[in-house]
Amino acid sequence: MGEETTRTAFVELQGRMIETTGKLKQVQMQMRNKEAEKKRAYLTLEELQQLSDDTNTYKSIGKAFVLEPKSDLIKEQQQKFKDSETVLASLETSKEYLEKQMADIENNLRELLQQDPGLARQIMSMLNLENQQKEMGRILECHLIHPKLLDFFEAGLQSNRISLFRMDGPTP
């Protein structure tokens with residue numbers, strides 16, 4: 001593979017990894033929210049079922065409370081619970097798909113580095129070697145290079161007996 005082709009492939013994989021990571025985090029956040037909604041519906045159902053049938057029950061609408069029959073509130077909470085389960089199943093499928101995509105991207109990066117061991121060296125040479133540690137920290141903060149890519153760089157650089165200083169590791 002030519003140098004420009006390798007660089008282009010790396011940039012494409014890097015972009016895909018960042019995009020997939022963002023989507024994965026979004027799905028995980030949605031799953032946490034739906035889990036909380038499901039738990040709230042379950043706990044509300046538990047409390048409603050303990051009440052006697054002649055108990056006045058109220059539904060919150062904004063800052064107001066409206067008298068509602070207990071059976072209607074139970075049906076509403078059961079529906080929320082079922083809807084949450086359905087959405088969670090869908091989100092779990094999306095999460096699994098994104099995790100598979102992430103694994104594929106990681107494998108492609110590994111293959112790219114194995115095909116061209118000088119790639120990591122070329123990428124690192126683009127950085128100012130005198131300020132390598134500072135630059136890597138800035139890049140990580142800007143999310144320009146995904147943290148997992150650093151592991152790939154380290155593997156490639158160590159095989160060529162070049163060290164890479166990471167922000168979370170000891171300094172030389």
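## Exercises on a predicted model

The side chains of Glu85 and Lys38 form a salt bridge, 3.7 Å from N to O. This is a predicted model. Start from that pair and work through the tasks below.

### Exercise 1. A bridge across the chain

Task: Find which helices hold Glu85 and Lys38, and state how far apart in sequence the tied parts are.

Solution.
- Step 1. Check the distance. A salt bridge needs the side-chain nitrogen within 4 Å of the carboxyl oxygen. The Glu85–Lys38 pair is at 3.7 Å.
- Step 2. Place the partners. Glu85 sits in helix 2 and Lys38 in helix 1, so the bridge ties together parts 47 residues apart in sequence.
- Step 3. Check the surroundings of Glu85. Its relative accessible area is 35%, so Glu85 is partly exposed.
- Step 4. Look for a network. Lys59, Glu76 and Lys80 are joined into one by salt bridges that share partners.

### Exercise 2. Bridges within helix 1

Task: Among the six salt bridges, take Lys23 with Glu19 and Lys34 with Glu37. Work out the spacing of each pair along the helix.

Solution.
- Step 1. Recall the principle. Side chains of opposite charge can pair when their charged atoms come close.
- Step 2. Read the distances. The closest N and O atoms of Lys23 and Glu19 are 3.1 Å apart. For Lys34 and Glu37, the N to O distance is 3.4 Å.
- Step 3. Count along the helix. Lys23 and Glu19 are four residues apart in helix 1, about one turn. Lys34 and Glu37 are three residues apart in helix 1, so about one helical turn separates them.
- Step 4. Classify exposure. Partly exposed covers the range between under 20% (buried) and over 50% (exposed). Lys23 has 39% relative accessibility, so it is partly exposed. Glu19 has 47%, so it is partly exposed. Lys34, at 23%, is partly exposed. Glu37, at 28%, is partly exposed.

### Exercise 3. The aromatic pair

Task: Is the pair formed by Tyr42 and Phe81 stacked, edge-to-face or tilted?

Solution.
- Step 1. Know what to read. A pair of aromatic rings is described by the distance of the centres and the angle of the planes.
- Step 2. Take the count. The model has one aromatic pair. Tyr42 and Phe81 form this pair, with 6.3 Å between centres and 40 degrees between planes.
- Step 3. Apply the cut-offs. Stacked is under 30 degrees and edge-to-face over 60, so 40 degrees counts as tilted.
- Step 4. Place the rings. Tyr42 is in helix 1 (residues 3–50) and Phe81 in helix 2 (residues 70–115). The two are 39 residues apart, and the pair links distant parts of the chain.
- Step 5. Add exposure. Tyr42 has a relative accessible area of 41%, so it is partly exposed.

### Exercise 4. Leu98

Task: Is Leu98 buried or exposed, and which residues does Leu98 touch, not counting those up to four places away in sequence?

Solution.
- Step 1. Locate Leu98. It is in helix 2.
- Step 2. Compare with the cut-off. Buried means under 20%. Leu98 is at 7% relative accessibility, so it is buried.
- Step 3. List contacts. With that exclusion, Leu98 touches Thr20, Lys23, Leu24 and Val27.
- Step 4. Compare sequence with space. Leu98 and Thr21 are 77 residues apart in sequence, yet 8.2 Å apart C-alpha to C-alpha.

### Exercise 5. A nonpolar patch

Task: Which residues make the nonpolar surface patch of about 370 Å²?

Solution.
- Step 1. Name the residues. Tyr58, Phe65 and Leu67 make the patch.
- Step 2. Place Tyr58. It lies in strand 1 (residues 57–61).
- Step 3. Check exposure. Tyr58 has 48% relative accessibility, so it counts as partly exposed.

Conventions. Residues are numbered from 1 along each chain as its sequence is written. This is a predicted model: local features need pLDDT of at least 70, side-chain atom pairs count only at pLDDT 80 or more; totals for chains, interfaces and linings use all residues. Side-chain values use heavy atoms; hydrogens and water are left out. Patches are made of residues with over 30% relative accessible area and no salt bridge: like charges are joined within 9 Å, nonpolar side chains (Val, Leu, Ile, Met, Phe, Trp, Tyr) within 5 Å. Accessible areas come from the Shrake-Rupley method with a 1.4 Å probe; for residues, only the protein chains shown count as cover. Buried means under 20% relative accessible area, exposed over 50%, partly exposed in between (1.4 Å probe, protein chains only). Rings of Phe, Tyr and Trp (its six-membered ring) pair if their centres lie within 6.5 Å; planes under 30 degrees apart count as stacked, over 60 as edge-to-face and the rest as tilted. Contact means heavy atoms within 4.5 Å.
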